[in-house]
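Me: Could you take a close look at one strand and its partners for me, and then carry on from there? Keep it relaxed, but give me the cut-offs as you go.

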Amino acid sequence: MSEEGEPLDLDATVVVIGASLAGLRAAETLRRGGHRGPLALIGAESHLPYDRPPLSKQVLAGSWEPEKARLIEADALETLGIDARLGHRAGALDAGARRVTLDDGSTLEADAVVVASGAVPRRLFADEGVRVLRTVDDSEALRAALVAAGERCRLVVIGAGFIGSEVAATVSSMGASVTVIETLPVPLAPALGETLGAALGALHGRHGVSLRTGISVDSITGPAGPHRLALTDGSTLEADVVVAGIGVVPEVSWLEGSGLTLENGVVCDEALFAADGVVAAGDVARWPFRGEPTRIEHWQMAADMGAAAAAALLAGRRAAPPFVPVPYFWSDQYGEKIQMLGRPRPGDEVVVVDGDLDGRFLALYRRGASLSAVAALTRPRQLMALRPLLQRGASFDEALAAARPSG
(Lines give C-alpha, C1' and ligand atoms only; values in the text may rest on other atoms or scores of the structure.)
Protein backbone atom coordinates (compact mmCIF):
# COMPACT_ATOMS: atom_id res chain seq x y z
CA MET A 1 0.00 0.00 0.00
CA SER A 2 1.27 3.48 -0.90
CA GLU A 3 1.92 6.03 1.81
CA GLU A 4 -0.89 8.54 2.32
CA GLY A 5 -0.94 11.04 -0.54
CA GLU A 6 1.92 9.36 -2.41
CA PRO A 7 1.77 7.89 -5.94
CA LEU A 8 0.15 4.48 -6.28
CA ASP A 9 2.52 1.55 -5.88
CA LEU A 10 2.48 -0.04 -9.34
CA ASP A 11 2.18 -3.48 -7.74
CA ALA A 12 -0.77 -2.43 -5.57
CA THR A 13 -4.21 -4.05 -5.73
CA VAL A 14 -6.91 -1.86 -7.27
CA VAL A 15 -10.65 -2.51 -7.37
CA VAL A 16 -12.84 -0.60 -9.84
CA ILE A 17 -16.54 -0.59 -8.95
CA GLY A 18 -18.61 -0.24 -12.10
CA ALA A 19 -18.07 -1.97 -15.46
CA SER A 20 -19.19 1.29 -17.05
CA LEU A 21 -17.50 3.61 -19.51
CA ALA A 22 -15.89 5.51 -16.61
CA GLY A 23 -14.82 2.32 -14.85
CA LEU A 24 -13.37 0.77 -17.98
CA ARG A 25 -11.45 3.93 -18.91
CA ALA A 26 -10.05 4.03 -15.38
CA ALA A 27 -8.84 0.43 -15.61
CA GLU A 28 -7.33 0.96 -19.07
CA THR A 29 -5.58 4.15 -17.92
CA LEU A 30 -4.06 2.37 -14.93
CA ARG A 31 -2.56 -0.25 -17.20
CA ARG A 32 -1.30 2.31 -19.71
CA GLY A 33 0.21 4.23 -16.80
CA GLY A 34 2.34 1.27 -15.76
CA HIS A 35 0.19 -0.33 -13.07
CA ARG A 36 0.95 -4.07 -13.02
CA GLY A 37 -0.71 -5.24 -9.81
CA PRO A 38 -4.04 -7.07 -9.44
CA LEU A 39 -6.89 -5.10 -11.02
CA ALA A 40 -10.53 -6.12 -10.57
CA LEU A 41 -13.48 -4.63 -12.46
CA ILE A 42 -16.80 -5.21 -10.70
CA GLY A 43 -19.99 -4.99 -12.75
CA ALA A 44 -23.57 -5.35 -11.50
CA GLU A 45 -24.71 -6.44 -14.97
CA SER A 46 -23.66 -9.71 -16.55
CA HIS A 47 -22.79 -7.95 -19.82
CA LEU A 48 -19.34 -6.88 -20.89
CA PRO A 49 -18.87 -3.09 -20.66
CA TYR A 50 -20.96 -1.40 -23.34
CA ASP A 51 -21.74 2.00 -24.78
CA ARG A 52 -25.03 3.58 -23.69
CA PRO A 53 -25.75 6.08 -26.53
CA PRO A 54 -26.71 3.36 -29.07
CA LEU A 55 -29.32 1.95 -26.66
CA SER A 56 -31.80 4.74 -27.44
CA LYS A 57 -30.97 4.72 -31.14
CA GLN A 58 -29.43 1.83 -33.11
CA VAL A 59 -30.12 -0.96 -30.60
CA LEU A 60 -33.66 0.26 -29.98
CA ALA A 61 -34.31 0.57 -33.72
CA GLY A 62 -32.95 -2.92 -34.33
CA SER A 63 -30.24 -1.79 -36.75
CA TRP A 64 -27.55 -2.98 -34.29
CA GLU A 65 -27.35 -6.17 -32.34
CA PRO A 66 -26.60 -5.33 -28.69
CA GLU A 67 -23.13 -6.87 -28.96
CA LYS A 68 -22.12 -4.13 -31.41
CA ALA A 69 -22.38 -1.60 -28.57
CA ARG A 70 -19.65 -3.31 -26.54
CA LEU A 71 -16.72 -1.15 -25.50
CA ILE A 72 -14.34 -4.09 -25.13
CA GLU A 73 -14.27 -7.85 -25.69
CA ALA A 74 -13.41 -10.52 -23.14
CA ASP A 75 -10.06 -11.36 -24.74
CA ALA A 76 -8.99 -7.71 -24.59
CA LEU A 77 -9.81 -7.57 -20.88
CA GLU A 78 -7.74 -10.69 -20.38
CA THR A 79 -4.84 -9.20 -22.34
CA LEU A 80 -4.92 -6.16 -20.05
CA GLY A 81 -4.92 -8.42 -16.99
CA ILE A 82 -8.28 -7.07 -15.83
CA ASP A 83 -10.23 -9.49 -13.63
CA ALA A 84 -13.79 -8.73 -14.76
CA ARG A 85 -16.31 -9.92 -12.18
CA LEU A 86 -19.59 -9.36 -13.97
CA GLY A 87 -23.01 -9.98 -12.52
CA HIS A 88 -21.81 -9.01 -9.04
CA ARG A 89 -23.09 -5.85 -7.40
CA ALA A 90 -21.00 -4.01 -4.82
CA GLY A 91 -22.85 -4.12 -1.50
CA ALA A 92 -20.62 -2.07 0.79
CA LEU A 93 -17.34 -0.20 1.03
CA ASP A 94 -15.12 0.49 4.01
CA ALA A 95 -13.23 3.46 2.59
CA GLY A 96 -10.68 3.59 5.38
CA ALA A 97 -9.68 -0.05 4.95
CA ARG A 98 -10.34 -0.04 1.17
CA ARG A 99 -12.46 -3.16 1.61
CA VAL A 100 -15.27 -3.92 -0.84
CA THR A 101 -18.07 -6.37 -0.02
CA LEU A 102 -19.99 -7.87 -2.93
CA ASP A 103 -23.62 -8.96 -3.01
CA ASP A 104 -22.63 -12.61 -2.61
CA GLY A 105 -20.92 -11.83 0.71
CA SER A 106 -17.38 -12.09 -0.61
CA THR A 107 -14.88 -9.33 0.15
CA LEU A 108 -12.03 -7.73 -1.79
CA GLU A 109 -9.11 -6.10 -0.01
CA ALA A 110 -7.56 -3.28 -2.02
CA ASP A 111 -4.89 -0.63 -1.83
CA ALA A 112 -6.98 1.73 -3.96
CA VAL A 113 -10.60 1.87 -5.11
CA VAL A 114 -12.25 3.59 -8.07
CA VAL A 115 -15.96 4.24 -7.52
CA ALA A 116 -17.74 4.36 -10.89
CA SER A 117 -21.10 2.86 -9.99
CA GLY A 118 -23.02 5.26 -12.20
CA ALA A 119 -26.65 6.20 -11.77
CA VAL A 120 -30.09 4.63 -11.86
CA PRO A 121 -33.26 5.99 -13.53
CA ARG A 122 -35.91 7.78 -11.57
CA ARG A 123 -38.99 5.58 -11.57
CA LEU A 124 -42.51 6.79 -12.28
CA PHE A 125 -45.60 4.61 -11.98
CA ALA A 126 -43.39 1.50 -12.13
CA ASP A 127 -46.25 -0.71 -10.96
CA GLU A 128 -48.27 0.43 -13.97
CA GLY A 129 -45.83 -0.95 -16.51
CA VAL A 130 -43.98 2.29 -17.26
CA ARG A 131 -40.58 1.48 -18.77
CA VAL A 132 -37.21 3.18 -18.44
CA LEU A 133 -34.14 3.06 -20.67
CA ARG A 134 -30.76 2.82 -19.00
CA THR A 135 -29.35 -0.65 -19.66
CA VAL A 136 -29.03 -2.94 -22.66
CA ASP A 137 -31.71 -5.16 -21.12
CA ASP A 138 -34.01 -2.12 -20.88
CA SER A 139 -33.41 -1.36 -24.55
CA GLU A 140 -34.13 -4.90 -25.70
CA ALA A 141 -37.26 -5.13 -23.54
CA LEU A 142 -38.56 -1.82 -24.87
CA ARG A 143 -37.94 -2.87 -28.46
CA ALA A 144 -39.77 -6.15 -27.86
CA ALA A 145 -42.76 -4.26 -26.43
CA LEU A 146 -42.85 -1.91 -29.42
CA VAL A 147 -42.67 -4.79 -31.89
CA ALA A 148 -45.40 -6.65 -30.02
CA ALA A 149 -47.63 -3.56 -30.21
CA GLY A 150 -47.43 -3.66 -34.01
CA GLU A 151 -47.35 -1.07 -36.76
CA ARG A 152 -49.96 1.15 -35.13
CA CYS A 153 -48.13 1.34 -31.82
CA ARG A 154 -48.92 4.37 -29.68
CA LEU A 155 -45.95 5.45 -27.57
CA VAL A 156 -46.08 8.06 -24.81
CA VAL A 157 -42.75 9.37 -23.55
CA ILE A 158 -42.80 11.13 -20.19
CA GLY A 159 -39.98 13.67 -20.18
CA ALA A 160 -38.53 15.67 -23.08
CA GLY A 161 -34.93 15.50 -21.89
CA PHE A 162 -32.25 13.97 -24.07
CA ILE A 163 -33.08 10.30 -23.43
CA GLY A 164 -36.81 10.85 -23.82
CA SER A 165 -36.30 12.87 -26.99
CA GLU A 166 -33.96 10.27 -28.49
CA VAL A 167 -36.47 7.51 -27.77
CA ALA A 168 -39.22 9.61 -29.35
CA ALA A 169 -37.11 10.26 -32.45
CA THR A 170 -36.11 6.61 -32.85
CA VAL A 171 -39.56 5.17 -32.33
CA SER A 172 -41.24 7.70 -34.61
CA SER A 173 -38.85 6.60 -37.37
CA MET A 174 -40.16 3.05 -36.82
CA GLY A 175 -43.64 4.23 -37.76
CA ALA A 176 -45.23 4.57 -34.31
CA SER A 177 -47.45 7.41 -33.18
CA VAL A 178 -45.48 9.28 -30.50
CA THR A 179 -46.52 11.83 -27.89
CA VAL A 180 -44.03 13.45 -25.50
CA ILE A 181 -45.22 14.88 -22.17
CA GLU A 182 -43.03 17.50 -20.50
CA THR A 183 -43.68 19.17 -17.13
CA LEU A 184 -41.62 22.26 -17.97
CA PRO A 185 -43.10 24.98 -20.18
CA VAL A 186 -39.92 24.81 -22.29
CA PRO A 187 -38.09 21.47 -22.68
CA LEU A 188 -34.42 21.32 -21.71
CA ALA A 189 -34.53 24.89 -20.34
CA PRO A 190 -32.41 24.06 -17.24
CA ALA A 191 -29.62 22.62 -19.42
CA LEU A 192 -29.78 24.86 -22.50
CA GLY A 193 -31.81 27.92 -21.57
CA GLU A 194 -35.26 28.75 -22.88
CA THR A 195 -34.14 30.01 -26.29
CA LEU A 196 -32.39 26.83 -27.38
CA GLY A 197 -34.75 24.60 -25.41
CA ALA A 198 -37.66 25.93 -27.45
CA ALA A 199 -35.71 25.50 -30.68
CA LEU A 200 -34.91 21.87 -29.96
CA GLY A 201 -38.43 21.20 -28.74
CA ALA A 202 -39.66 22.34 -32.14
CA LEU A 203 -37.75 19.45 -33.74
CA HIS A 204 -40.43 17.08 -32.48
CA GLY A 205 -43.24 18.89 -34.25
CA ARG A 206 -41.29 19.12 -37.50
CA HIS A 207 -41.06 15.32 -37.51
CA GLY A 208 -44.65 14.50 -36.63
CA VAL A 209 -44.20 13.94 -32.89
CA SER A 210 -46.65 15.65 -30.56
CA LEU A 211 -44.90 17.56 -27.76
CA ARG A 212 -47.17 18.69 -24.92
CA THR A 213 -45.47 20.97 -22.41
CA GLY A 214 -46.44 22.43 -19.06
CA ILE A 215 -48.39 19.34 -17.99
CA SER A 216 -47.63 16.10 -16.19
CA VAL A 217 -49.13 12.66 -15.69
CA ASP A 218 -51.57 12.41 -12.81
CA SER A 219 -52.24 8.67 -13.01
CA ILE A 220 -51.86 5.64 -15.27
CA THR A 221 -54.09 2.58 -15.47
CA GLY A 222 -53.65 -0.67 -17.35
CA PRO A 223 -50.34 -2.12 -16.13
CA ALA A 224 -50.32 -4.79 -18.85
CA GLY A 225 -51.43 -2.31 -21.52
CA PRO A 226 -53.03 -0.65 -23.25
CA HIS A 227 -52.48 2.21 -20.81
CA ARG A 228 -54.74 5.14 -20.04
CA LEU A 229 -52.92 8.26 -18.85
CA ALA A 230 -54.79 11.00 -16.99
CA LEU A 231 -52.96 14.33 -17.38
CA THR A 232 -52.98 17.30 -15.05
CA ASP A 233 -54.79 19.48 -17.60
CA GLY A 234 -57.78 17.11 -17.42
CA SER A 235 -57.14 15.36 -20.72
CA THR A 236 -56.35 11.67 -21.24
CA LEU A 237 -54.13 9.66 -23.55
CA GLU A 238 -54.20 6.05 -24.66
CA ALA A 239 -50.88 4.27 -25.15
CA ASP A 240 -49.62 0.81 -25.96
CA VAL A 241 -46.19 1.55 -24.47
CA VAL A 242 -45.12 4.21 -21.95
CA VAL A 243 -41.52 5.22 -21.29
CA ALA A 244 -40.33 7.57 -18.55
CA GLY A 245 -37.21 9.63 -19.21
CA ILE A 246 -37.23 11.85 -16.13
CA GLY A 247 -33.58 11.72 -15.18
CA VAL A 248 -31.33 9.60 -13.01
CA VAL A 249 -29.99 9.59 -9.48
CA PRO A 250 -26.41 8.63 -8.56
CA GLU A 251 -26.03 5.02 -7.39
CA VAL A 252 -24.75 5.60 -3.85
CA SER A 253 -27.11 3.44 -1.77
CA TRP A 254 -24.38 0.83 -1.36
CA LEU A 255 -22.02 3.49 0.03
CA GLU A 256 -24.05 4.33 3.13
CA GLY A 257 -21.72 3.93 6.10
CA SER A 258 -18.65 3.78 3.85
CA GLY A 259 -16.98 6.84 5.35
CA LEU A 260 -17.35 8.79 2.10
CA THR A 261 -19.31 12.03 1.94
CA LEU A 262 -22.53 11.51 -0.03
CA GLU A 263 -24.47 14.49 -1.32
CA ASN A 264 -26.04 14.17 -4.75
CA GLY A 265 -23.26 11.72 -5.52
CA VAL A 266 -19.85 10.95 -4.07
CA VAL A 267 -18.25 14.21 -2.99
CA CYS A 268 -14.67 14.52 -4.29
CA ASP A 269 -11.92 17.10 -4.25
CA GLU A 270 -10.69 18.88 -7.38
CA ALA A 271 -8.55 15.90 -8.36
CA LEU A 272 -11.46 13.41 -7.90
CA PHE A 273 -10.28 11.95 -4.58
CA ALA A 274 -13.18 11.05 -2.29
CA ALA A 275 -10.77 9.80 0.43
CA ASP A 276 -7.16 8.69 0.59
CA GLY A 277 -6.82 5.85 -1.90
CA VAL A 278 -10.41 6.28 -3.17
CA VAL A 279 -11.38 8.20 -6.31
CA ALA A 280 -14.73 8.52 -8.06
CA ALA A 281 -15.64 9.03 -11.70
CA GLY A 282 -18.61 9.28 -14.02
CA ASP A 283 -22.25 9.93 -13.18
CA VAL A 284 -21.70 9.15 -9.49
CA ALA A 285 -18.94 11.73 -8.88
CA ARG A 286 -19.53 15.29 -7.64
CA TRP A 287 -16.50 17.55 -7.64
CA PRO A 288 -15.73 21.31 -7.51
CA PHE A 289 -15.62 22.34 -11.16
CA ARG A 290 -14.35 25.92 -11.35
CA GLY A 291 -15.39 26.33 -7.72
CA GLU A 292 -18.93 25.02 -8.14
CA PRO A 293 -19.98 21.55 -6.85
CA THR A 294 -20.86 19.73 -10.05
CA ARG A 295 -22.09 16.37 -11.28
CA ILE A 296 -22.37 15.88 -15.05
CA GLU A 297 -24.10 12.92 -16.70
CA HIS A 298 -22.65 12.84 -20.21
CA TRP A 299 -20.66 10.28 -22.19
CA GLN A 300 -17.56 12.40 -22.76
CA MET A 301 -17.44 13.41 -19.11
CA ALA A 302 -17.56 9.78 -18.00
CA ALA A 303 -14.74 8.83 -20.37
CA ASP A 304 -12.54 11.80 -19.44
CA MET A 305 -13.25 11.50 -15.72
CA GLY A 306 -12.49 7.78 -15.62
CA ALA A 307 -9.08 8.43 -17.18
CA ALA A 308 -8.44 11.43 -14.92
CA ALA A 309 -9.36 9.54 -11.75
CA ALA A 310 -6.93 6.75 -12.60
CA ALA A 311 -4.21 9.26 -13.45
CA ALA A 312 -4.82 10.93 -10.08
CA LEU A 313 -4.26 7.62 -8.28
CA LEU A 314 -1.04 7.07 -10.21
CA ALA A 315 0.20 10.58 -9.36
CA GLY A 316 -0.89 10.49 -5.71
CA ARG A 317 -3.17 12.89 -3.90
CA ARG A 318 -0.42 15.43 -3.18
CA ALA A 319 0.59 15.79 -6.82
CA ALA A 320 -2.61 15.09 -8.75
CA PRO A 321 -3.76 18.09 -10.80
CA PRO A 322 -7.33 19.40 -10.66
CA PHE A 323 -9.76 17.96 -13.19
CA VAL A 324 -10.87 20.96 -15.29
CA PRO A 325 -12.45 19.69 -18.51
CA VAL A 326 -14.43 21.51 -21.16
CA PRO A 327 -17.84 19.83 -20.69
CA TYR A 328 -19.19 18.39 -23.93
CA PHE A 329 -22.28 16.45 -24.88
CA TRP A 330 -24.21 15.51 -27.97
CA SER A 331 -27.57 14.01 -28.82
CA ASP A 332 -28.67 12.51 -32.14
CA GLN A 333 -32.35 13.13 -32.97
CA TYR A 334 -34.27 12.99 -36.25
CA GLY A 335 -31.06 12.81 -38.28
CA GLU A 336 -29.65 15.95 -36.61
CA LYS A 337 -26.77 16.25 -34.15
CA ILE A 338 -27.25 18.49 -31.13
CA GLN A 339 -23.96 19.50 -29.48
CA MET A 340 -22.91 21.64 -26.56
CA LEU A 341 -19.49 22.75 -25.30
CA GLY A 342 -19.20 24.43 -21.92
CA ARG A 343 -21.71 24.79 -19.12
CA PRO A 344 -24.26 27.57 -19.53
CA ARG A 345 -26.23 29.00 -16.63
CA PRO A 346 -29.68 30.55 -16.43
CA GLY A 347 -29.42 34.18 -17.48
CA ASP A 348 -26.62 33.67 -20.01
CA GLU A 349 -27.32 35.56 -23.24
CA VAL A 350 -27.64 33.45 -26.39
CA VAL A 351 -26.43 34.83 -29.72
CA VAL A 352 -27.03 32.88 -32.93
CA VAL A 353 -24.01 33.49 -35.16
CA ASP A 354 -24.78 31.18 -38.07
CA GLY A 355 -28.03 29.73 -39.39
CA ASP A 356 -31.28 30.23 -37.49
CA LEU A 357 -33.25 28.56 -34.73
CA ASP A 358 -35.83 27.21 -37.18
CA GLY A 359 -33.13 25.04 -38.76
CA ARG A 360 -29.45 24.32 -38.27
CA PHE A 361 -27.46 26.84 -36.28
CA LEU A 362 -24.38 27.77 -34.26
CA ALA A 363 -24.97 29.78 -31.08
CA LEU A 364 -22.73 31.33 -28.44
CA TYR A 365 -23.55 31.91 -24.77
CA ARG A 366 -22.36 35.13 -23.13
CA ARG A 367 -21.85 35.52 -19.38
CA GLY A 368 -20.70 39.07 -18.72
CA ALA A 369 -17.75 39.62 -21.03
CA SER A 370 -16.91 35.92 -21.27
CA LEU A 371 -17.82 33.04 -23.53
CA SER A 372 -19.57 30.45 -21.34
CA ALA A 373 -20.74 27.84 -23.86
CA VAL A 374 -21.27 27.01 -27.51
CA ALA A 375 -24.24 25.10 -28.92
CA ALA A 376 -24.96 23.82 -32.40
CA LEU A 377 -27.47 21.87 -34.41
CA THR A 378 -25.57 19.90 -37.05
CA ARG A 379 -22.64 22.33 -37.19
CA PRO A 380 -19.96 20.00 -35.71
CA ARG A 381 -16.84 21.49 -37.28
CA GLN A 382 -17.76 25.06 -36.41
CA LEU A 383 -18.55 24.07 -32.83
CA MET A 384 -15.36 22.09 -32.24
CA ALA A 385 -13.23 24.88 -33.66
CA LEU A 386 -14.27 26.99 -30.66
CA ARG A 387 -13.25 24.46 -28.03
CA PRO A 388 -9.75 25.99 -27.49
CA LEU A 389 -11.36 29.34 -26.73
CA LEU A 390 -13.46 27.84 -23.96
CA GLN A 391 -10.43 25.97 -22.63
CA ARG A 392 -8.46 29.17 -22.14
CA GLY A 393 -11.35 31.35 -21.04
CA ALA A 394 -11.58 33.60 -24.09
CA SER A 395 -13.76 36.68 -24.17
CA PHE A 396 -17.14 36.63 -25.84
CA ASP A 397 -16.01 39.21 -28.41
CA GLU A 398 -13.05 37.06 -29.40
CA ALA A 399 -15.32 34.05 -29.80
CA LEU A 400 -17.84 36.09 -31.77
CA ALA A 401 -15.17 37.20 -34.22
CA ALA A 402 -13.93 33.63 -34.62
CA ALA A 403 -17.39 32.13 -35.01
CA ARG A 404 -19.03 34.47 -37.51
CA PRO A 405 -18.93 33.14 -41.07
CA SER A 406 -16.45 34.99 -43.29
CA GLY A 407 -17.81 37.05 -46.12
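Reply: Val15 in strand 1 stands opposite Ala40 in strand 2. This is a predicted model, where local features need pLDDT of at least 70 and side-chain atom pairs count only at pLDDT 80 or more, while totals for chains, interfaces and linings use all residues. Residues are numbered from 1 along each chain as its sequence is written, and side-chain values use heavy atoms, with hydrogens and water left out.

Back to strand 1, residues 14-17. Strands here are DSSP E runs of at least two residues, helices are H or I runs of at least four, and both are numbered from the N terminus. Strand 1 pairs with strand 2 (residues 39-43) in the parallel sense, over 4 bridges; two strands pair if DSSP finds at least two bridges between them. Strand 7 (residues 112-115) is another parallel partner of strand 1, again over 4 bridges, and there Ile17 faces Val115. As for the side chains, Val14 and Val16 point one way and Val15 and Ile17 the other, yet all are buried (under 20% relative accessible area with a 1.4 Å probe, protein chains only; exposed is over 50%, partly exposed in between).

Further along, strands 12, 13 and 14 form an open antiparallel sheet in the order 12-13-14. Strand 12 (217-221) and strand 14 (236-239) are its edges, each pairing on one side only. Strand 12 meets strand 13 (residues 227-231) over 4 bridges, with Ser219 partnered by Ala230.

What about the cysteines? Cys153 is buried at 2% relative accessible area, and Cys268 is buried too, at 7%. The disulfide count is 0, going by cysteine sulfur atoms within 2.5 Å.

Last stop, the second largest pocket, with a volume of about 350 Å³. On a 1 Å grid over the protein atoms alone, a pocket is an open set of points where a 1.4 Å probe fits, with protein on both sides within 12 Å along at least five of seven lines; lining residues have an atom within 4 Å of a point. The volume is the space filled by probe spheres set on the points, which are joined across faces, edges and corners. There are 18 lining residues, and the closest to the centre are Phe289, Arg290, Arg343, Arg367 and Ser372. Strand 26 gives the most to the lining, with 3 residues.
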